[in-house]
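Thank you all for coming. I would like to take you slowly through one structure this morning, and I will put it on the screen before I say anything about it.

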Amino acid sequence: MSFLSYLINGISLGSVYAIIALGYTMVYGIAKMLNFAHGDVIMIGSFVVFITTSATGMNPLLAVLLSVVVCTILGMVIERLAYKPLRGASPLAVLITAIGVSYFLQNIALLLFGANPKSFTSVVKIPALNLAGGKLIISGETIVTIVTCIVIMIVLTMFMKTKPGQAMLAVSEDKGAAQLMGVNVNKTISLTFAIGSGLAAIAGVLLCSAYPSLTPYTGSMPGIKAFVAAVFGGIGSIPGALLGGVILGVIEILSKAYISSQLSDAIVFGVLIIVLLVKPTGILGKKINEKV
Amino acid sequence: MKKKMLNTTKNNLITYGMVIIAYIIVQIFVLSGSLSNLMQGLLVPLCTYVILALSLNLTVGVLGELSLGHAGFMCIGAFTGAFFSKCTFGTIPDGLRFFLAILLGALVAAIFGILIGIPVLRLRGDYLAIVTLAFGEIIKNVMNVLYVGKDSAGFHFSLKDQMSLNLADGGEVIIKGAQGISGTPKNSTFTIGIILVLITLFIILNLMNSRDGRAVMAIRDNRIAAESIGINITKYKLMAFAVSASLAGVAGVLYAHNLATLTALPKNFGYNMSIMILVFVVLGGIGNMRGSIIAAVLLTLLPEVLRGLNDYRMLIYAVVLIVMMLFNWSPKAQEWKARHSLKKLFGRKDTAAKGGN
């Protein structure tokens, strides 16, 4: 039974990684950049919920909605101010700028909220599920996380069939050709950042509901792991992000439970390396043939 | 052709000269006692960062591959060097021991560079970056749970705790997991640091102008073309990667011998550190060694200079970083710079000073 509960916890953590990884994978697909600041958008989103629920006593659901709005706007502003001027510049320059944005967000949060960890009160009010005569307990947070992840995946898959979704696909295939076909590239990129950041807010709330300690650095490690998940599943692929996230979460929880809690990160990264060596573009990644 | 060669030599000499002059100026300040303790404490870390930036520039600028795990090699060098120094403390004279520690640190880091490089260098672009990041994290993680002890029977290793080392009486635990190595002799000085910086520069600049270095750069510019004229891609990539790793190992040894306690924290050997080194390289100019030195020095001093602003200093640092990147790299800013360049203003036609070493 304990194995099953570890497995469910792993899937739950993996669902959070998957939602974060979606943001990475969509932005990477379209802008061909690693948005290092993505993890810190998660943190900002969690702080919005924390402040509004603890200070003003706002309804948690309303607070989550507000946090999604704030992060969406934040994502678009970051894209407009920091990344858009660098379009067409070396990918490394964009990467370093993203790192600068990440530092910026962390330090803004440090100034506003301080370095002390805040204890985040879970926004989930669903009672835990008791199965098999109390041997297997699934917490409300776990249920909500997994359900949210599934809903997001379905909605996103449907969204990709709509006109803006198709525009996104077109821009990620070939920016120039998309522009010639009348796709507004700037707007599409902005939309991608908006969606990715909105998802980051949801992921942040779910993450902090399950692991209730919030500091300005909360977002960076899950951010990195979610990025690993995106690469793992094949960057640019939406089902890949889901698959990568869940596998990563399960490996992390299982290795924490059965091998060593300190070595779990090393094991996660080790598995990533092995997968990439066998399949250099990730599990569901497309193989790109090189032209001379 | 001859003029071009002279130009490179001149450029290299300027770089060496810059380091030596900086050293002399700092020494004058130190001797006249006008350098605060805080600044004096920064001198050795400065040398460490300069060596790291130079060595990463070899991977990023010359080899053209993005590595996000450079701090991992530094970590290996640091622990190897500190371990060696602690084991041989009192048996080998100070100077010789430190020299051997540096050599050993460089050697072990190079071996890891080759071991990691063989699988990793098959990947390209962002995948390579993420795998190097993963390797860096693994190294840091393993260092945090590694216990090594020494007794009359030899060395004992464990990945669990101190007890499982099964040391005999009189045995000594040298690496204590998350507590790291304590009591490493403090051998690093600013002078040694500067000498190591000069040696690093010498190795990299000579490599860049050698036959091997040109082969590496040919791979960077066009891998397929290089392969088709018979350059052994794997060999040269591995060579550049291993040299880069071993120099990072040297920086690690220097770093370790400046600290009383060496621990593998996310702060000093995590991906944050790797990224900081990358920031030095990119801001200084990819492939430009002199730029790396200047950027490493400026960006290390900037937060210290801003210390008076307390809480705001890292925020300002972030803003400065973003603004500098936008100003240096955005296509619009480059256009503006081309129109308003000083050289054009003074009517100089040649733009030969561009690039350089």
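I will begin with each chain as a whole, then turn to where the chains meet, and finish with some helices and single residues.

Please keep in mind throughout that what you see is a predicted model, so every value I give you is computed from that prediction.

Let me start with chain A, whose secondary structure comes to 11 helices and 4 strands. Its radius of gyration is 19 Å, close to the 19 Å that the globule rule gives for 292 residues, and chain A is therefore as compact as a globular protein of that length. If you lay a box along the principal axes, the C-alpha atoms of chain A fill roughly 60 × 45 × 35 Å. Of its 292 residues, 51% are buried, and among the contacts in chain A between residues at least 6 apart in sequence, 75% join residues at least 24 apart.

Chain B has 15 helices and 5 strands. For its 357 residues the globule rule gives 21 Å, and the radius of gyration of chain B, 22 Å, is close to that, so chain B too is as compact as a globular protein of its length. Its C-alpha trace spans about 80 × 55 × 40 Å along the principal axes, and 42% of the residues of chain B count as buried. When we take the contacts in chain B with a separation of 6 or more, residues 24 or more positions apart account for 76% of them.

Now to the place where the chains meet. Here 36 residues of chain A are in contact with 34 residues of chain B. On the chain A side, the elements that give two or more residues are helix 4, helix 9 and helix 11, and the largest share, 12 residues, comes from helix 4 of chain A. If we sort the residues on that side by character, we find 27 nonpolar, 8 polar and 1 charged.

Let me stay with helix 11 of chain A, which has 15 residues and reaches 21 Å from its first C-alpha to its last, close to the 21 Å expected at 1.5 Å a residue. Which residues of this helix 11 are buried? They are A:D265, A:A266, A:V268, A:F269, A:L272 and A:L276, and because they cover an arc of only 160 degrees around the axis, they lie on the same side of helix 11 of chain A. The face turned away from that buried side carries the exposed residues A:I274 and A:V278. What covers the buried residues includes helix 9 and helix 10 of chain A, together with helix 5 of chain B.

Helix 10 of chain A deserves a word of its own, since its end C-alpha atoms are 30 Å apart, in agreement with the 30 Å that its 21 residues should span at 1.5 Å a residue. Helix 10 of chain A is mostly covered, with 15 of its 21 residues buried.

Turning to the interior, the largest nonpolar core has 191 residues, and those with the most contacts inside it are A:V228 and B:A53. Helix 1 of chain A gives the most to this core, with 16 residues. Leaving aside neighbours within four places in sequence, B:A53 is in contact with several residues of its chain, including B:I277, B:F280 and B:V281.

I will close with three single residues of chain A, and for the first, A:M43 in helix 2, I ask you: is it buried or exposed? With 27 C-beta neighbours inside 10 Å, A:M43 counts as buried, because 20 or more are enough for that. Beyond four places in sequence, A:M43 is in contact with A:A109, A:G204, A:P216, A:T218 and A:G219.

By contrast, A:A128 sits in the loop between strand 1 and strand 2 of chain A, and it counts as exposed because it has 12 C-beta neighbours inside 10 Å. Not counting residues up to four places away in sequence, A:A128 touches A:I137, A:I138, A:S139 and A:G140.

Finally, A:K32 lies in the loop between helix 1 and helix 2 of chain A, and with 15 C-beta neighbours inside 10 Å it counts as partly exposed. Most residues other than glycine have a negative phi, whereas phi of A:K32 is near 55 degrees, a positive value.

Technical notes: Residues numbered from 1 in each chain as written. Chains lettered and ligands numbered in written order. Predicted model: local features only at pLDDT ≥ 70, side-chain atom pairs only at ≥ 80, totals over all residues. Contact = placed C-beta atoms within 7 Å. Nonpolar A, V, L, I, M, F, W, Y, C, P; charged D, E, K, R; others polar. Rg over C-alpha atoms; globule rule 2.2 N^0.38 Å. Expected span 1.5 Å × (residues − 1). Arc of directions from axis to C-beta. Core = buried A, V, L, I, M, F, W, Y, C linked by C-beta atoms within 7 Å.
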